[in-house]
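Hi,

Here is the structure I promised to send over. Have a look at it first, and my notes follow underneath.

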Amino acid sequence: YVTMLDEVKDQLRGASLPGNPLTMPVSAPGSAGMETCFVNLVEPGEKVVVCVNGVFGGRMVENILRAGGEPVVVADPWGRAVDPDKLEETLRAHPDAVIVAFVHAETSTGVCSDVPTLVEIAHRHGCLTIVDAVTSLGGCELRVDDWGVDACYSGSQKCLSCTPGLSPVTFNDRALAKVKRRATKVRSWFLDLNLVMGYWGPEQRRTYHHTAPVNALYGLHEALVMLHEEGLESAWARHCRNHLALRAGLEALGLELPVPQPERLPQLNAVAVPAGMDDALVRARLLQQYDLEVGAGLGDLAGKVWRIGLMGYSSRPTNIILCIAALGTVLNDLGHQADTEAALARVQAALAG
């Protein structure tokens, strides 16, 4: 088991979480990975610039407040990437900020923000960075080390296709130094890295901290083996290829993807609900008749979009064909004119190309 723990750390580094000494899965879901980053890096009274363009940027604000920090919000429209110019302007107005936080792949909107550009701006203003990669790890390009990300967290159940309940995190030397020089105690005993590091450290110094979820860790190990066997860049390419096939089918059904093309996530596809269509009824019929669950819009996008996930093992042609066929049938039944056969032909052409 101890050998497997060390292998998991190495595997995570190979999955875009870099060669940082502190790379490990937190024994709880991605939300705990988020909290691990904030409670360890934010001290009471510190100013943190947080970019909010969806639900999970909003959760970052709540974490900052609970850690005793002062959030400075950079707000962007839901459905759009974080605006680098707004971040630059905000940091100029708040030179005492110490951290910049933002979401790479916003699960609530299907938007991908420009991590290397945002990190470069933050570092130029003397700030550490915290990046949410819950939906991006394994699904689209993520280069934590090359991009200079200081602290990053993800989840096991998205593009890694593992069971929920683990949150990979990584802290580079700059971030870890801040954790170690804290003037105040971390506001969580369970997530205090100064304690947890004793469990995930070298075997000869490994000390008990909590009862780890052994079965889930073995599952994560196997999921990472599968990712390694496929190849990380091959996995990114597969997600992109399948996204393009799904997009072709959706557009042939007369549906729109509201996120601008350069900002779209391949693994989380936001689709505009047609005018006059009952959002909940469509999703209910897809689930009842086809065992196909489509996510509802969240927050500002509630009732306005459907969210179709193509993550990890689920990102494969059979699921795309099922989705387009089922969605076309349901939409036609409810009065939306959709040429399902033409849409399926577009999907097959995209997959063949």
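Let's start with helix α4, on the face turned away from its buried side: that face carries the exposed residues Asp85, Glu89, Arg92 and Ala93. Exposed here means over 50% relative accessible area, buried means under 20%, and partly exposed is in between (1.4 Å probe, protein chains only). Helices (H or I, at least four residues) and strands (E, at least two) are DSSP runs, numbered from the N terminus.

Before going further, the small print: this is a predicted model, where local features need pLDDT of at least 70 and side-chain atom pairs count only at pLDDT 80 or more, while totals for chains, interfaces and linings use all residues. Residues are numbered from 1 along each chain as its sequence is written, and side-chain values use heavy atoms, with hydrogens and water left out.

Back to α4, which spans residues 84-93 and has Leu87, Glu88, Thr90 and Leu91 buried. Those four sit on the same side of α4 because they cover an arc of only 165° around the axis (the arc is that of the directions from the helix axis to the C-beta atoms). The buried residues of α4 pack against β2 (47-52), β3 (70-75), β4 (97-103) and α5 (115-124). At the N-terminal end of α4, aspartate 83 acts as a cap, with a side-chain oxygen 2.9 Å from the backbone nitrogen of aspartate 85.

Just ahead of that helix, in the loop between β3 and α4, you'll find alanine 81. Alanine 81 counts as buried because its relative accessibility is 14%. Valine 111 is 30 residues away from alanine 81 in sequence, yet their C-alpha atoms are 5.9 Å apart. Not counting residues up to four places away in sequence, alanine 81 touches Asn53, Asp76, Val111, Cys112, Ser113 and Glu263; contact means heavy atoms within 4.5 Å.

Now the nonpolar cores. By that I mean sets of buried Ala, Val, Leu, Ile, Met, Phe, Trp, Tyr and Cys residues joined through side-chain atoms within 4.5 Å. The largest has 81 residues, and Leu41, Ile130 and Phe171 touch the most other members. Leaving aside neighbours within four places in sequence, the contacts of leucine 41 include Ile99, Leu128, Ile130, Phe171 and Val179. There is also a second, separate core of 27 residues, with Ala245, Leu253, Val273 and Leu327 among them.

What about empty space inside? There are 2 cavities of 30 Å³ or more. On a 1 Å grid over the protein atoms alone, a cavity is a set of points where a 1.4 Å probe fits but cannot get out, and lining residues have an atom within 4 Å of a point. Grid points are joined across faces, edges and corners, and a volume is the space filled by probe spheres set on the points. The largest cavity comes to about 70 Å³. Its lining includes Met24, Pro25, Val26, Trp200, His209 and His210. Two elements, β1 (22-26) and α8 (193-200), give two or more residues to that lining, and β1 gives the most, with 3 residues.

A few single residues are worth a click too. Cysteine 140 is in the loop between β7 (128-132) and α6 (144-147), and counts as buried because its relative accessibility is 8%. Beyond its neighbours within four places in sequence, cysteine 140 contacts His104, Trp236, Leu265, Pro266 and Gln267. From cysteine 140 to alanine 237 is 97 residues in sequence, but 7.9 Å in space, C-alpha to C-alpha.

Asparagine 269, in strand β10 (residues 268-272), is buried as well, since its relative accessibility is 2%. Its side chain makes a polar contact with the side chain of histidine 243 (2.5 Å). A polar contact is a pair of N or O atoms within 3.5 Å; within protein, one must be able to donate a hydrogen and the other to accept it, and residues adjacent in sequence count only if both atoms are side-chain atoms.

Last, some backbone oddities. Most residues other than glycine have a negative phi. Serine 161, in the loop between β8 (151-153) and β9 (167-171), has a positive phi near 55°. Aspartate 291 also has a positive phi, of about 55°, and lies in the loop between α11 (279-290) and β11 (295-296). Serine 161 is partly exposed at 37% relative accessibility, whereas aspartate 291 is exposed at 71%.

Cheers

Key. On a 1 Å grid over the protein atoms alone, a cavity is a set of points where a 1.4 Å probe fits but cannot get out, and a pocket is an open set with protein on both sides within 12 Å along at least five of seven lines; lining residues have an atom within 4 Å of a point.
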